[in-house]
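Grab a coffee and open the viewer. Here is a short set of exercises to work through at your own pace, each with a solution to check against.

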Amino acid sequence: MIRAASEPALRGMTAVEAVEVLFREGLLSPRRCEQAAIRDEIARLERSGIPRCEAFHAAAEAFACSYEKARYAFYETFKR
């Protein structure tokens, strides 16, 4: 994917345009991007002093998803 980002076709594009191209070409997974955003939000909440369980609830509310989906997004990274 790094090689794809340096392709001449992407040069000169805004970040949004480049991401749209990568999505369209199947080089960027919307699901993985959502999981990363949820993980980042949970980590941010934890750094601010919110316990992890409560951070899962807050992230689920912020992303309009279930607690289980937020929990899965957070722990999925540790399985690899």
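The exercises below go from the overall fold to single residues.

**Before you start**

This is a predicted model, in which local features need pLDDT of at least 70 and side-chain atom pairs count only at pLDDT 80 or more, while totals for chains, interfaces and linings use all residues. Residues are numbered from 1 along each chain as its sequence is written, and side-chain values use heavy atoms, with hydrogens and water left out.

**Exercise 1. Describe the fold and the confidence of the model.**

Step 1: list the elements. The protein has 5 helices and 0 strands, in the order α-α-α-α-α from the N terminus. Helices (H or I, at least four residues) and strands (E, at least two) are DSSP runs, numbered from the N terminus.

Step 2: look at the confidence. pLDDT is the predictor's confidence in each residue, from 0 to 100. Its mean for the protein is 87, with 85% of the residues at 70 or more. Confidence is lowest in helix α1 (residues 2-5), with a mean of 51, and highest in α4, at 97.

Step 3: look at burial and contacts. Buried means under 20% relative accessible area, exposed over 50%, and partly exposed in between (1.4 Å probe, protein chains only). By that rule, 25% of the 80 residues count as buried. Contact means heavy atoms within 4.5 Å. Among contacts with a separation of 6 or more, 36% come from residues 24 or more positions apart.

**Exercise 2. Work out how α4 and α5 meet.**

Step 1: find the geometry. The axes of α4 and α5 come within 8 Å and cross at roughly 115°. Here, axes are lines fitted to C-alpha atoms, for helices over the stretch in contact, and angles run from 0 to 180 degrees between N-to-C directions.

Step 2: find the hand. The crossing of α4 with α5 is right-handed. A crossing is left-handed if the near helix is turned anticlockwise from the far one by less than a right angle, and right-handed if clockwise.

Step 3: name the residues. From α4 come Arg52, Cys53, Phe56, His57 and Ala60, which meet Tyr67, Ala70, Arg71, Phe74 and Tyr75 of α5. By class, this contact has 7 nonpolar, 1 polar and 2 charged residues. The classes are as follows: Ala, Val, Leu, Ile, Met, Phe, Trp, Tyr, Cys and Pro count as nonpolar, Asp, Glu, Lys and Arg as charged, and the others, Gly among them, as polar.

**Exercise 3. Trace the aromatic pairs around Phe56.**

Step 1: set the rule. Rings of Phe, Tyr and Trp (its six-membered ring) pair if their centres lie within 6.5 Å; planes under 30 degrees apart count as stacked, over 60 as edge-to-face and the rest as tilted. The structure holds 4 such pairs.

Step 2: take Phe56 with Tyr67. Their rings are edge-to-face, at 5.7 Å centre to centre and 80° between the planes. Phe56 sits in helix α4 (residues 52-62) and Tyr67 in helix α5 (residues 67-76), so this pair links distant parts of the chain, 11 residues apart. Phe56 is buried at 3% relative accessible area, whereas Tyr67 is partly exposed at 23%.

Step 3: take Phe56 with Tyr75. This pair is also edge-to-face, with 5.7 Å between centres and 75° between planes. Because Phe56 lies in α4 and Tyr75 in α5, the pair ties together parts 19 residues apart in sequence. Tyr75 is partly exposed, at 32%.

Step 4: put the rings together. Ring pairs join Phe56, Tyr67, Phe74 and Tyr75 into a cluster.

**Exercise 4. Is Phe74 buried or exposed, and which residues does Phe74 contact?**

Step 1: Phe74 lies in helix α5 and is buried, with a relative accessible area of 7%.

Step 2: leaving aside neighbours within four places in sequence, Phe74 contacts Arg39, Ile42, Glu46, Arg52 and Phe56.

Step 3: the C-alpha atoms of Phe74 and Ala43 are separated by 8.9 Å, with their positions 31 residues apart along the chain.

**Exercise 5. Locate Ala64 and check its backbone.**

Step 1: Ala64 is found in the loop between α4 and α5.

Step 2: Ala64 counts as exposed, at 72% relative accessibility.

Step 3: phi of Ala64 is near 50°, a positive value in a residue other than glycine.
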